[in-house]
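Q: Pick one part of this model and take me through it closely, please. Start with what is tucked away there, then work outwards to the charged pairs and any odd backbone spots.

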Amino acid sequence: MDLHDIRKKVKKELDKGRYEHTKGVMYTAAALAMAHGYSVEKAMLAGLLHDCGKCTPTGEKIALCERHHILISKVERENPSLLHAKAGMALAEEKYGVTDPEILHAIKVHTTGEPNMNTLDKIIFIADYIEPGRDQAPHLDVIRQIAFADLNQCMAEILYDTLHYLSNRKGEIDPTTEITYEFYQPYGKEQPWKQ
């Protein structure tokens, strides 16, 4: 299945807002791939499919993960919306015929991240955060500039903001996100908002 065919299929599966976000991530991933010398095609496909599991009902997400022997954490069982990344990886393989392990892995870790991510992992994680339709996150202008200069620094800044946002609103934090931040924190720089 080529990118065009997958796009048509994905459009039918997602609601309008989610599809617009998906297109934004796909094109932002392509731009980041160009900036960092990575395959534009792979970045676009991973961006297109990163949220393919988002509109899947909870029971189906769990079934997909179980069918593909994907471990479901306690936090994910209690907050099934966090499962869309792992379920999306399974769906990308099962429904869209993706076999490339890098693309599947990037889909799987695009929400929480993980320590020592590869280039595509970072591109999709960052593109999901900075795509043009996003406007709620603090410091987006600065983070968007950093994304095209230094992926590791960008990871550190996004994870810092994410953890502060979640702790301020008393939301449950996936331990993987905290571990990921510990890994990328040394790449961060002094920022006015970190005072």
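**A close look at helix α6**

A: The residues of α6 that count as buried are His84, Ala85, Lys86, Ala87, Gly88, Met89, Ala90, Leu91 and Ala92. Bear in mind that this is a predicted model. With 9 of its 11 residues buried, α6 is mostly covered. What does the covering? Those buried residues pack against α3, α4, α5 and α7, the last of these running over 101–108.

Gly88 makes a good place to zoom in. It belongs to α6, which spans residues 84–94, and its relative accessibility is 0%, so it counts as buried. Which residues does Gly88 touch once its neighbours within four places in sequence are set aside? Cys52, Gly53 and Ile107 are the ones in contact with it. You can also relate Gly88 to Leu64: the two sit 24 residues apart in sequence, while their C-alpha atoms are 8.7 Å apart in space.

Now step back to the wider interior. In soluble globular proteins, nonpolar side chains tend to be buried together. Here the largest nonpolar core takes in 59 residues, and Val10, Leu49, Val98, Leu120, Ile123, Ile126 and Ile130 have the most contacts inside it. Take Ile130 from that list: leaving out residues up to four places away in sequence, it touches Thr28, Leu32, Leu140, Ile143, Arg144, Ala147 and Phe148.

Not every buried side chain is nonpolar, though, and Asp121 is the one to look at. It sits in helix α8, residues 119–130. Asp121 is buried but has no salt bridge, and the nearest side chain of opposite charge, that of Lys122, is 8.3 Å away. What does the Asp121 side chain have beside it instead? One of its polar atoms lies 3.3 Å from the backbone nitrogen of Ala106. Beyond four places in sequence, Asp121 touches Glu102, His105, Ala106 and Val109. Of the elements around our helix, α7 covers 101–108, so if you've been following α6 into its surroundings, Ala106 is worth putting on screen.

On to the charges that do pair up. Side chains of opposite charge can pair when their charged atoms come close. How many salt bridges are there in the structure? The total is 10. One of them joins Asp51 and Arg18, with 2.7 Å between the closest N and O atoms. This pair ties together distant parts of the chain, 33 residues apart: Asp51 is in the loop between α3 (40–49) and α4 (58–67), and Arg18 is in helix α2, residues 16–35. Is each partner buried or partly exposed? Asp51 is buried at 2% relative accessible area, whereas Arg18 is partly exposed at 21%.

Two of the elements that α6 packs against, α4 and α5, have a link of their own. Glu66 and Arg77 form a salt bridge whose closest N and O atoms are 3.8 Å apart. Glu66 is in helix α4 and Arg77 in helix α5 (residues 74–78), so this pair, 11 residues apart, links distant parts of the chain too. Both partners are partly exposed, Glu66 at 45% and Arg77 at 47%.

Stay in α5 for another bridge: the side chains of Lys74 and Glu78 meet with an N to O distance of 2.8 Å. Why can these two be lined up along the helix? They are 4 residues apart in α5, which means about one helical turn separates them. Lys74 is exposed at 61%, and Glu78 is partly exposed at 42%. Elsewhere, Lys42, Asp100 and Glu102 are joined into one network by salt bridges that share partners.

Last, the odd backbone spots. Most residues other than glycine have a negative phi, and most peptide bonds are trans. His69 goes the other way, with a positive phi of about 55 degrees. This residue lies in the loop between α4 and α5 and is exposed, with a relative accessible area of 74%. His139 also has a positive phi, near 60 degrees. You'll find His139 in the loop between α8 and α9 (140–147), partly exposed at 27%.

Technical notes. Residues numbered from 1 in each chain as written. Predicted model: local features only at pLDDT ≥ 70, side-chain atom pairs only at ≥ 80, totals over all residues. Heavy atoms only, no water. Buried < 20%, exposed > 50% of the residue type's maximum accessible area, 1.4 Å probe, protein only. Contact = heavy atoms within 4.5 Å. Core = buried A, V, L, I, M, F, W, Y, C linked by side-chain atoms within 4.5 Å. Salt bridge = Lys/Arg side-chain N within 4 Å of Asp/Glu carboxyl O. Lys, Arg positive; Asp, Glu negative; His and termini not counted. Polar contact = N/O pair within 3.5 Å; in protein donor to acceptor, adjacent residues only side chain to side chain.
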